[in-house]
Amino acid sequence: MSSCLKYVSCRQHMTTEGNFWSKKIEISVSEAEKRTGRNAMNMQETYTAYLIETRSVEPSDGQSVLTDSLWRRYSEFELLRNYLLVFYPHIVVPPLPEKRAEFVWHKLSADNMDPDFVERRRIGLENFLLRVASHSVLSEDKIFYLFLTQENNWKETVNETGFQLKADSRLKALNATFRVKNPDKRFTELKHYGDELQSVISHLLRVRARVADRLYGVYKVHGNYGRVFSEWSAIEKEMGDGLQSAGHHMDVYAASIDDILEEEEHYADQLKEYLFYAEALRAVCRKHELMQYDLEMAAQDLASKKQQCEELATGTVRTFSLKGMTSKLFGQETPEQREARIKVLEEQISEGEEQLKCKNLEGREFVKAAWADIERFKEQKNHDLKEALISYAVMQISMCKKGIQVWTNAKECFSKM
Amino acid sequence: MSAGGVGTPKSLPSSGPKSLQDMPHPLAGPSSEDIAGGELTPSPDLQLPRSIADKDLSLPNGGTPAGTSSPASSSSLLNRLQLDDDLDGETRDLFVTVEDPKKHVCTMETYITYRVTTKTSRIEFDLPEYSIRRRYQDFDWLRNKLEESQPTHLIPPLPEKFVVKGVVDRFSEEFVETRRKALDKFLKRIADHPVLSFNEHFNVFLTAKDLNAYKKQGMALLSKVGESVKYVTGGYKLRSRPLEFAAMGEYLDTFALKLGTIDRIAQRIIKEEVEYLVELREYGPVYSTWGGLEMELEEPLEGVSACIGNCCTALEDLTDDMTEDFLPVLREYILYSESMKNVLKKRDQVQGEYEAKLEAIALKKEERPKVPAEVEKCQDRVECFNADLKADMERWQNNKRQDFRQLLMGMADKNIQYYEKVKSVKLPE
């Protein structure tokens, strides 16, 4: 089955300025396969593997040639994404399709091995790769390139980057949220927006699932008319034919809901992507907070050291210091000791000032880069969601047209009774 | 052949296609104004006795136009029926409508009355027009009277008498309107019936200012005359049921079953639709909330929210219509089938009685071949009953077909209208 990309407007081909791609490429996640293997604990497990095919496009005639083809499982996609999150904290990193089926309505399976779920995941993973490939910064990443081209030992390569160590601790990030004194207002607003967006989309998805459930019930019960009309027609003379054929249309009506709701699942998946994007947005904001917090701590530390130095030099004690305390208790220190201490502090202060300069620069560059990507993201979001909403409205209209058709047919059958 | 004028939609208020002045008198000869069925004047047997008191009440066919008990009356009855079928609505001469429900609050009780309007050119009626008010009790009385006095005919059903208080509001607009439609249909079916429409009680129901006085008089009358038209339900064993009645009985059994199933399905659909509506009502506003967060997306989001709101309104209309217009008619026909089965049983009893009497005679060998008058009367009863019932069943089948054709087309229509309403929504660019 060909991959359906109706909701990815940026089915992108790479620009030729990329490091690793000499020509435009096409990426597709074309197949999914059930596999069994042994996991790290040497226990047997079942998982699904996805075939990723990369094609290179001839600029002259647009013909594409298969250049790479390998199998990856979901956990490897996760690894790639976690790596990107760490190395590109200023980028709103595209999300993966959900790990477990959520927002299910009764007919939909919550089982990860269910073929419909696997199919929708396949599409979601392809979408993820295309988003990364079309991003001006992310597409140039070597690990991403290797993900598409290096079948063996890719995991080891990723781990060798040491990204896990670079990752900020969750606790630290949480700390930062509450203690930052001068956050950039724009990031605060953006984080607030991310929170609201996440909340409203998950509410929407929950209710939509319930709506789908109910609609399914309405259509399916009509199927019972088919059976009873058929039975009734058996005892009728003139009415028989009309009833029988009308009953057939009721069966058609009842069956039509399956396709309708399957199409709607794609719409739900588009919403889900942006639900998860909201999380990525918040991640960027958190990074900013962290950096800001770091900066503020460093500045605070520097200021306190400067103060200490000043006090030591002038002999006035304004700030509390352990040294000051102990010298009070255990006797004054010698002028030589004091000199030594001042020297150390002055070195630290000098270092600190350098660091602060660096951090400030880092911070400003981060803000600049992040904000650029956020603007890019906003445009993408507006474009994609607008299209999704319009196609949803079109789906509803198409459903109405089908309904009118079936009932008109049934009405004609009734008129012949 | 087309559906014909006899069984035209009963839910519409009947209105004469011609003014009363132009309508040909039933006994008049053909005139230039007459169209299609104009030359066919009804049989001269139309002169009906005004009151039942004149008739010998032991005869089953007290209401038939012929007034005699010979088989000839059956054929003239069928004759009339054929004439009836040939007549367009234009030569119908009795129009009845039930409308304008009003609530009456008295010290003892509160109840609803309906205005019953009659327009007719029949000589059985003193005036060409009548307008009186009646309550459900009165309709119920009429139906009982008809069952008593015309036991060989199929009497149309009334809407349910008892309503579970607390579950349904007896005075709600929807309930009253549904009941009004059913009562209107009831009277129209009687008015269209070639025999029942000439019934004395029906006449009084349509015309009397004080129906209660007549009711009391009627009771006194019956007690004077004594044993009236009640049948001996002596549990006679039937030797063989004529095929057509056996078939009708089986048909009615299955028919009522299927209608019951359809009723349950329709109710279930309405229930599912109502639950769907509940969810939609929560769904729509979430899009609006989201729109409040966005700038560029606000318009399309509000658009989707409005679409969903529109869908809610249309869905509410659909479920209301189905509840008010579809379900009651189904139930009416189930009641109809039940009362018809009772009439079939009565017929069986009459035949059984006759067969038993006949057998008794055959055993008494000393009797002459001349059959005693009593047994002859029984035979007449059987034959009249069979003729009346057969004619009524045919009419019923025809009317049923048209009623269901209209009902089911109506259901399809309502669904089409629902989808049309939902579809008619503006898309953002």
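# Notebook: chains A and B, and the two domains of B

**Entry 1: the A–B interface.** I started with polar pairing and found 17 residue pairs in polar contact across the interface of chain A and chain B, both partners at pLDDT 80 or more. I note right away that this is a predicted model. Next I looked up which helices make up the side of chain A that touches chain B: helix H7 (185-233), helix H8 (240-314) and helix H10 (335-415) of chain A each supply at least two residues. H7(A) gives the most to that side, with 24 residues. Sorting the residues of the side of chain A that touches chain B by class, I get 34 nonpolar, 8 polar and 11 charged.

**Entry 2: how much is buried there.** I counted contacts as well: 53 residues of chain A are in contact with 50 residues of chain B. The two chains bury about 5200 Å² between them, and 75% of that area lies on carbon and sulfur atoms. Which three residues of chain A supply the most of the area it buries against chain B? I found Arg214(A), Tyr225(A) and Trp232(A), which supply 12% of it, more than any other three residues.

**Entry 3: charges between the chains.** A friendly reminder to myself: side chains of opposite charge can pair when their charged atoms come close. The rule finds 9 salt bridges across the interface of chain A and chain B. I looked at the one in which the side chains of Glu272(B) and Arg214(A) meet, at 4.0 Å from N to O. The cut-off is within 4 Å, so I keep the 4.0 Å of this pair in my notes. Arg214(A) also turned up in Entry 2, among the three residues that supply 12% of the area chain A buries against chain B.

**Entry 4: salt bridges overall.** Over all chains I count 61 salt bridges in the structure. One I opened is inside chain A: the side chains of Glu78(A) and Lys99(A) meet at 2.8 Å, N to O. This pair links distant parts of the chain, 21 residues apart. Glu78(A) sits in helix H1 (residues 74-87) of chain A, while Lys99(A) is in the loop between H1 and helix H2 (115-133) of chain A.

**Entry 5: the domains of chain B.** I then turned to chain B, where the domain assignment gives domain 1 (92-219) and domain 2 (239-428). Their centres, taken over C-alpha atoms, are 22 Å apart. I find 20 residues of domain 1 of chain B in contact with 20 residues of domain 2 of chain B. Between them the two domains bury about 1800 Å², with 54% of it on carbon and sulfur atoms. Thr152(B), Leu154(B) and Arg189(B) supply 35% of the area that domain 1 of chain B buries against domain 2 of chain B, more than any other three residues.

**Entry 6: polar links between the domains.** How many salt bridges does the rule find across the interface of domain 1 of chain B and domain 2 of chain B? I get 3. In a salt bridge that I checked, the side chains of Asp403(B) and Arg189(B) meet at 2.8 Å, N to O. The count of residue pairs in polar contact between these domains is 10, both partners at pLDDT 80 or more. On the side of domain 1 of chain B that touches domain 2 of chain B, helix H2 (136-149) and helix H3 (173-191) of chain B each supply at least two residues. H3(B) gives the most to this side, with 6 residues. By class, the side of domain 1 of chain B that touches domain 2 of chain B holds 8 nonpolar, 4 polar and 8 charged residues.

**Entry 7: confidence.** I closed with the scores: ipTM is 0.86 and pTM is 0.78. Chain A averages a pLDDT of 86, and 89% of its residues score at least 70. Within chain A, confidence is lowest in helix H9 (residues 322-330), at a mean of 65, and highest in H7(A), at 95. Residues 1-18 of chain A have a pLDDT below 50, and this stretch has 40 contacts beyond near neighbours in sequence. For chain B the mean pLDDT is 78, and 70% of the residues reach 70 or more. Among the elements of chain B, helix H1 (residues 72-86) has the lowest mean pLDDT (45) and helix H6 (residues 243-293) the highest (95). The pLDDT stays under 50 over residues 1-88 of chain B, where I count 139 contacts beyond four places in sequence.

Methods
Residues are numbered from 1 along each chain as its sequence is written. Chains are lettered from A and ligands numbered from 1 in the order in which they are written. Side-chain values use heavy atoms; hydrogens and water are left out. pLDDT is the predictor's confidence in each residue, from 0 to 100. Helices (H or I, at least four residues) and strands (E, at least two) are DSSP runs, numbered from the N terminus. Contact means heavy atoms within 4.5 Å. Domain bounds come from an automatic or database domain assignment. Buried area is the accessible area (1.4 Å probe) that two parts lose on being put together, summed over both. A polar contact is a pair of N or O atoms within 3.5 Å; within protein, one must be able to donate a hydrogen and the other to accept it, and residues adjacent in sequence count only if both atoms are side-chain atoms. Ala, Val, Leu, Ile, Met, Phe, Trp, Tyr, Cys and Pro count as nonpolar, Asp, Glu, Lys and Arg as charged, and the others, Gly among them, as polar.
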